[in-house]
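Biologist: Before the discussion begins, please display the sequence together with the model. I shall then put a series of questions about it.

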Amino acid sequence: MTTTTSPLPENVPENVPENVPEPGGPVDGGAAAARPVRLIHTESTTEIPVHLLFRDAPEPAPVRLRPAVVARRTDEGGHRAGERPRPRGPADGRPGPAVPRIDPDLVERPARVLPGLAGVLAGVCGAAGCVATSWWAGVLPPPVAEALGPASRPGAAGLGPAQWAAYAGAGALGLFGFGGLARGRTGRAWVLGLFGRYRGTVRRTGLMWVNPLLLRRRVDVRLRHWRGETMRAADRSGVALRVAVLVVWRVRDTARATLSVEDHEAYLRACVEAALVRVPVAAPGASEGTVEAAQDALTRLVAADTAPVGVEVFAVRPVRVEYAPEVAAAMHRRRIAALDAQHRASVLGSVVDSVEDTVTRLTMRGLVELDDYERKALVKDLTVAFCAGRGETGP
């Protein structure tokens, strides 16, 4: 059967009995004569052909469902409820923490140098060329000409264009040969540059020849330690401290340490000072675990800040931690007040014990008979006497 419905009329009673007899039917027919009340008062019933009841129904077409999106509550900062805020970065369109950017092409690479013997040979050849040109032009000094014998005839050819060209070539060879000699030391490096462009780093030791036209900058690449002056810091409670730290570091990339910043040592000091502001330092008298945790946090932070400029930090250790002068003065006054209160409490306790013992002995031995008023007066007098004897003012 099929049921067709129409809109529900407006004036319909809300409380309708469950079984209502049909109009025109027997009134006393019982349960068989009664039919369920119509839920829809305007329904109509029609007959359905039998062959339609057993017809194969086509399978429903698959419906592609979209992924459900569940809205979650967020706080005022835009973070989801119960979610830990993540650092902002360029991926979510929000400005992240400032990260120093260094030229990716500015990386340490070995420079081209020659052994020192090549420079010595070039210098000797240049000097010999100058002497030969002088002999050719006949301008050797008389003692030298007499030593060489009759083969050296002064003024034979004279100084012409050819002789001056020979002088220039031999002199340039000698200057380049002797002027490019350099001595490399262990733990030192040379950063070479030409017209403001980086040309490489020399870490070799011993005698070598470097192009004299290149600008040389000496860099110390040994393991170094730096103990800074007293800096401001704070502990986990926010109490002001004065800290002196020991930093163990070295230059890992000479190109970046020399060319990316003006002074890498000053940059390291600034990074240490900034880290002391951000990381809480263990207060004096803290446990060993707290001190090590603070040292590890300082080391990681300073190493991350100095790594882009070619400086490698191994340890940042506070060697002297003390409270700020104003904090130390307040703590000193508080400590003195606590000691004074403790001393007064101990003195008062001993006075009360002495008074109690004295009054008890006098009463138990029958030396005096006291009522309440006399007992209070005696206790007061004894207390004043004992306090005066101990150097304390009475109550």
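Biologist: Does aspartate 220 count as buried or exposed?

Modeller: This is a predicted model, in which local features need pLDDT of at least 70, side-chain atom pairs count only at pLDDT 80 or more, and totals for chains, interfaces and linings use all residues. Residues are numbered from 1 along each chain as its sequence is written, and side-chain values use heavy atoms, with hydrogens and water left out. Buried means under 20% relative accessible area, exposed over 50%, and partly exposed in between, with a 1.4 Å probe and protein chains only. Aspartate 220 has a relative accessibility of 17%, so the residue counts as buried.

Biologist: Which residue forms a salt bridge with aspartate 220?

Modeller: The criterion is a side-chain nitrogen of Lys or Arg within 4 Å of a carboxyl oxygen of Asp or Glu. For aspartate 220, the closest N and O atoms of the pair are 2.9 Å apart. The partner is partly exposed, with a relative accessible area of 41%. The residue asked for is arginine 222.

Biologist: How many salt bridges does the structure hold?

Modeller: The pair of arginine 222 and aspartate 220 is one of them. Another joins the side chains of arginine 224 and glutamate 265, at 2.8 Å from N to O. The count for the structure is eight.

Biologist: How many residues apart are arginine 224 and glutamate 265, which link distant parts of the chain?

Modeller: Helices (H or I, at least four residues) and strands (E, at least two) are DSSP runs, numbered from the N terminus. Arginine 224 lies in strand β11 (residues 224–227), whereas glutamate 265 lies in helix α7 (residues 264–278). Arginine 224 is partly exposed at 23%, and glutamate 265 is partly exposed at 23%. Along the chain, their separation in residues is 41.

Biologist: Which residue is linked with Arg224 and Glu265 in a network of salt bridges?

Modeller: Glutamate 265 forms a salt bridge with an arginine whose closest N atom is 4.0 Å from the closest O atom. This arginine also lies in helix α7, four residues from glutamate 265, about one turn of the helix. At 31% relative accessibility, the arginine counts as partly exposed. The network is completed by Arg269.

Biologist: How many disulfides does the count give?

Modeller: A disulfide is a covalent bond between the sulfur atoms of two cysteines. The rule applied here is a pair of cysteine sulfur atoms within 2.5 Å. Among the cysteines, cysteine 125 is partly exposed at 48%, and cysteine 271 is buried at 8%. By the distance rule, the count comes to zero.

Biologist: Which strand stands between β5 and β6 in the order of the open sheet of three strands?

Modeller: Two strands pair if DSSP finds at least two bridges between them. In this antiparallel sheet, β5 (114–115) and β6 (181–184) are the edge strands, each pairing on one side only. β5 has two bridges to the strand of residues 206–209, and leucine 114 stands opposite tryptophan 209. The strand asked for is β9.

Biologist: Which residue takes a positive phi in the hairpin of β12 and β13?

Modeller: Strand β12 (residues 231–234) and strand β13 (residues 240–251) run antiparallel and are joined by four bridges. Within this pairing, alanine 233 stands opposite leucine 241. Met231 and Ala233 form the covered face of β12, while Arg232 and Ala234 form the uncovered one. Five residues lie between the strands, and the phi near 85° belongs to glycine 238.

Biologist: Which residue has its backbone oxygen 2.8 Å from a polar atom of the side chain of threonine 133?

Modeller: Threonine 133 is placed in helix α3 (residues 116–137). At 5% relative accessibility, threonine 133 counts as buried. The backbone oxygen at 2.8 Å belongs to glycine 129.

Biologist: What separation do the C-alpha atoms of serine 354 and phenylalanine 386 have?

Modeller: Serine 354 is found in helix α9 (residues 325–364) and is partly exposed, with a relative accessible area of 25%. Phenylalanine 386 is 32 residues away along the chain. The C-alpha separation is 8.1 Å.

Definitions and conventions:
Polar contact = N/O pair within 3.5 Å; in protein donor to acceptor, adjacent residues only side chain to side chain.
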